[in-house]
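Hi,

Here's the structure I said I'd pass on. Have a look first, and my notes follow underneath.

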Amino acid sequence: MGRESRRVAQGTDMRTILLNPGPVSLSESVRHAVARVDLCHREPEFFDLQDGVIAGLLAVYQNDPALWSAVLVGGSGTFALEAMMASLIPADAHVLVLENGVYGERLSRIADIHGIHNHALKAAWGDEIDLQAVADLLASGDFSHVLAVHHETTTGRLNPVDKIASLCSEFKVQLLLDTVSSFAAEAIPFEQQSLQAVAVTANKCLHGIPGLAMVLCRNESLAQGIKPRSLSLHLPDWAQHQAQQSTPFTPPVNAMLGLRQALKELKKQGGWKARRSRYRKLAGRVAETCEKLGIKQWLPADASSCVLRSYHLPAGLTYNELHDGLKQQGFVIYAGQGDLANHLFRVSTMGEISDYDMARLEQALISVISG
Ligand SMILES: Cc1ncc(COP(=O)(O)O)c(C=O)c1O
């Protein structure tokens, strides 16, 4: 039976904390903002909201609006990836895809579906990307673009996108990144000329709700005149409408209401660097508790993102037993994917998680694992 089809009673006397890598536990003010008003997407109030969200997204990493656009699209993170690739990669491109997990493999799949000529440099899930091999492949002159995942959520590995961007700049190759599970919490090398676009979703490190996908891209990449490969995911069309207080299709209005509030909170809390510090602290606390209980981390801490860490399953406990025991105490953890399902579990500390929640989590881990 798949995990999705199993039902486990959830504690009702407490808030359930999501430790899966998005959607996240919301702050009360974001939850309230999502449903506070009814908005028609053809009224000026909506366009003010849309403008505010676009400006707020560009402000997260101080992207200059004269050089960068934030384009909003309805859908999940995969929609952002597909929109980015279908809209910004020209027909004659040769793309090098860096794979070391599920999401790198997904990039290759999207490229295949859209008839984008691609070659994958494959590492085993969780392994490092071989930067020398990347340099050698780029030096061959065979590639015009590189596609990479920043935080490979499959295992928690943080790929070295700063070094990848430098190599791309050196060899005059364009870089497009999946930053779906890192945007707003990890450093992104926007200053590198090679970096053309990043794909983002509202419901991970930004602390919004699902339904809104975004691509931050250089204005020059939008203006390449690429023939549409999709009606609903063609970014220049969305961008053109959004620049003129319009929208081509019905957008996820309520997800935008939530994200406007979430962006305000991010700024108030000190921006992405403060979020990274907070996530690091929480991830460290979980790791410490696990270590005391004899549970080993899958990757060294310094190879992991601040967002999520993977752990070996405790001896004598299946994933389902661990998951269900924690869920009964108000915490939802996440399984490994594919062949890793029977070997690891994942804990993400994104979202609205208080110190009190963390203390409860520590007790829950102790009671389920050693109890
Ligand atoms: C790095 C990464 N890329 C892409 C996705 C796909 O996002 P979605 O499931 O929202 O389509 C995820 C989802 O967890 C992710 O972590």
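**What turned up**

On the surface, E43, E45, D48 and D51 come together as a patch of negative charge. Keep in mind, here and below, that this is a predicted model. D51 belongs to helix α2, which covers residues 44–60. With a relative accessibility of 31%, D51 falls in the partly exposed class, since that class runs from 20% to 50%.

**The parallel strands**

Next, the strands that pair in the parallel sense. Strand β3 (residues 94–99) has five of its six residues buried, so the rest of the structure largely encloses it. Which strands does β3 pair with in the parallel sense? One is β4 (residues 117–122), through six bridges, and there V97 sits opposite A120. Another is β5, through three bridges, where L96 has V146 as its bridge partner.

β5 (residues 145–149) is itself mostly covered, with five of its five residues buried. In a regular strand, side chains alternate between the two faces of the sheet. In β5, H145, L147 and V149 are buried on one side, while V146 and A148 are buried on the other, so both faces are covered. β5 also pairs in the parallel sense with β8 (residues 174–178), over five bridges. In that pairing, L147 is matched with L176 of β8.

**The antiparallel sheet**

There is also an open sheet of three strands, ordered β11-β14-β13, with antiparallel pairing. The edges are taken by β11 (308–312) and β13 (334–335); each has a single partner strand, so one side of each has no neighbour in the sheet. β13 and β14 (residues 344–348) run antiparallel and are joined by two bridges. Across from Y334 you will find R346 in β14.

**Salt bridges**

How many salt bridges are there? The count is five, and here are some of them.

D357 and R15 meet through their side chains in a salt bridge, at 3.3 Å from N to O. This pair links distant parts of the chain: D357 is in helix α12 (residues 355–370), R15 is in the segment before β1 (17–18), and their positions lie 342 residues apart in the numbering. Are these two residues buried or exposed, or something in between? D357 is buried, because its relative accessible area is 6% and the limit for buried is under 20%. R15, at 30%, is partly exposed.

R278 and D355 form another salt bridge, their closest N and O atoms being 3.1 Å apart. R278 is in helix α10 (residues 271–292) and D355 in helix α12, so this pair ties together parts 77 residues apart in sequence. Both count as partly exposed: R278 has 28% relative accessibility, and D355 has 38%.

Then there is R285 with E362, whose side chains meet in a salt bridge at 2.9 Å, N to O. R285 lies in helix α10 and E362 in helix α12, so here too parts that are 77 residues apart in sequence are tied together. R285 is partly exposed, at 23% relative accessibility.

Cheers

Definitions and conventions. Residues numbered from 1 in each chain as written. Predicted model: local features only at pLDDT ≥ 70, side-chain atom pairs only at ≥ 80, totals over all residues. Heavy atoms only, no water. Patch = residues over 30% accessible without salt bridge, like charges linked within 9 Å, V, L, I, M, F, W, Y side chains within 5 Å. Areas by Shrake-Rupley, 256 points an atom, 1.4 Å probe, with all protein chains shown as cover. Salt bridge = Lys/Arg side-chain N within 4 Å of Asp/Glu carboxyl O. Lys, Arg positive; Asp, Glu negative; His and termini not counted. Charge placed at Lys NZ, Arg CZ, Asp CG, Glu CD. Helix = DSSP H or I, 4+ residues; strand = E, 2+ residues; numbered from the N terminus. Buried < 20%, exposed > 50% of the residue type's maximum accessible area, 1.4 Å probe, protein only. Pairing = 2+ DSSP bridges.
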